[in-house]
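Work through these exercises with the sequence and the model side by side. Try each task before reading its solution.

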Amino acid sequence: MKEVRELSDSELKSLLETDEFDAELCVLADKVRRETYGDAVYVRGLIEFSNYCKNDCLYCGIRCHNLNVQRYRLTKEEILTCCEEGYALGYRTFVLQSGEDLSYKARDICEIVYEIKTAYSDCAVTLSIGEKSRQEYQDYFDAGADRYLLRHETASTDHYGMLHPASMSLESRIRCLFDLKEIGYQVGAGFMVGSPYQTTDHLIHDLRFLQNLQPDMIGIGPYLTHNETPFADKPNGSLALTLRLISVLRLMFPYALIPATTALGTIAPNGREQGLKAGANVVMPNLSPVSVRKLYSLYENKICTGEESAQCRGCLEQRVRAAGYRIVTDIGNARRQVPEDRR
């Protein structure tokens, strides 16, 4: 097979217009990931610190107009306790994720990031808190944040408008991603597979956008529905197509950090293992307090909401080993040049 990174739009369309599992594609992708990363799988300690959100995305269970969500916010002390537990379990990256919660001011996020980096200087801090001004992104970076995850969700303006309220724009999302890159973050983007109204052409546009952006991290997962959204009657995305796209992404972006997401494990009991075999090389166990895990409900039937952090880590380690890989406690930067002071 010709290298996927060189395929034309029509060739990509042929490759993606099937929901069938492609064992040959997975083998090719796994070969590339092993050439770049060996059998290493990096763990990121995920801390979902708030489920408040000012946005009203039509697919999301914590959208602001879902009045049936029990909202929560973690304090700085609770977040730092999660980091303490995670560090003891071997995590060297902490991912702070939330809805777009206006209660946390830039100075609050900076203070949290600074204290984490001061306590754990050998760790990376990743933020995933949505669209902010360039100055706020700069402030977080100056406080010590290393990485930023901001899924673009879809790179097609028409499709973006079908998934989001009029107050949100693809132009703004793209501006944020390029601001983050220019500041110096290791940047993550990504999209849902099988989201409502998505076409193969939309997926190809996503791949071309990623080629332009050249992110360090690419997160994709199957679209999963939530009953408290306008898309409650829409079908879930396809596991097979998601795996196919993970393999395509690995072949197009050999250096990228690609997670085997919780959504994969939700749509299929061994979904994360299949994601690793398809080319993924990151897993993100949950460090959030068990008392709030079920409340961060972007979609329904989310897995790992009742496990303590140590249980979650132990379970994932066994799954990764069974899939033929090994968890490493490395900080896990993308395998391309990273500024010396950020290694």
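**Exercise 1. Find the angle at which helix H1 and helix H9 cross, and list the residues that meet.**

Step 1. Locate the helices: H1 covers residues 9–16 and H9 covers residues 239–252. Helices (H or I, at least four residues) and strands (E, at least two) are DSSP runs, numbered from the N terminus.

Step 2. Take the axes. They come within 10 Å and cross at roughly 140°. Axes are lines fitted to C-alpha atoms, for helices over the stretch in contact, and angles run from 0 to 180 degrees between N-to-C directions.

Step 3. List the contacts (heavy atoms within 4.5 Å). H1 brings Leu12, Leu15 and Leu16; H9 brings Leu241, Arg244, Leu245 and Val248.

Step 4. Sort these residues: 6 are nonpolar, none is polar and 1 is charged. Here Ala, Val, Leu, Ile, Met, Phe, Trp, Tyr, Cys and Pro count as nonpolar, Asp, Glu, Lys and Arg as charged, and the others, Gly among them, as polar.

A note on the source: this is a predicted model, where local features need pLDDT of at least 70, side-chain atom pairs count only at pLDDT 80 or more, and totals for chains, interfaces and linings use all residues. Residues are numbered from 1 along each chain as its sequence is written, and side-chain values use heavy atoms, with hydrogens and water left out.

**Exercise 2. Give the strand order of the sheet with 6 strands, and say which strands stand at its edges.**

Step 1. Trace the order: E2-E3-E4-E5-E6-E7, an open sheet with parallel pairing. Two strands pair if DSSP finds at least two bridges between them.

Step 2. Check the ends. E2 (45–50) and E7 (217–222) each have a single partner strand, so one side of each lacks a neighbour in the sheet.

Step 3. Read the twist: it averages 20° from one strand to the next.

Step 4. Inspect one pair. E4 (residues 124–128) and E5 (residues 147–149) run parallel, joined by 2 bridges. Thr126 has Arg147 in E5 as its bridge partner.

Step 5. Add the helices. H4 (residues 106–119) packs on the sheet and touches E2, E3 (93–98) and E4; its direction makes about 155° with that of E4. H7 (residues 170–183) also packs on the sheet, touching E5 and E6 (186–193), and its direction makes about 155° with that of E6.

**Exercise 3. Decide whether Leu180 is buried or exposed, and describe its surroundings.**

Step 1. Place Leu180: it lies in helix H7.

Step 2. Apply the cut-offs. Buried means under 20% relative accessible area, exposed over 50%, partly exposed in between (1.4 Å probe, protein chains only). Leu180 has 0% relative accessibility, so it is buried.

Step 3. Name its contacts. Leaving aside neighbours within four places in sequence, Leu180 touches Tyr137, Tyr148, Tyr185 and Val187.

Step 4. Look at the rest of H7. Its buried residues include Arg173, Cys176 and Asp179. Their cover includes helix H5 (134–143), E5, helix H6 (157–163), E6 and helix H8 (200–213).

Step 5. Step past the end of H7. Gly184 follows, with a positive phi near 125°.

**Exercise 4. Explain why Cys83 is not bonded to Cys82.**

Step 1. Count the disulfides (pairs of cysteine sulfur atoms within 2.5 Å). The structure holds 0.

Step 2. Check the distance. The closest cysteine sulfur to that of Cys83 is in Cys82, 6.9 Å away, too far for a bond.
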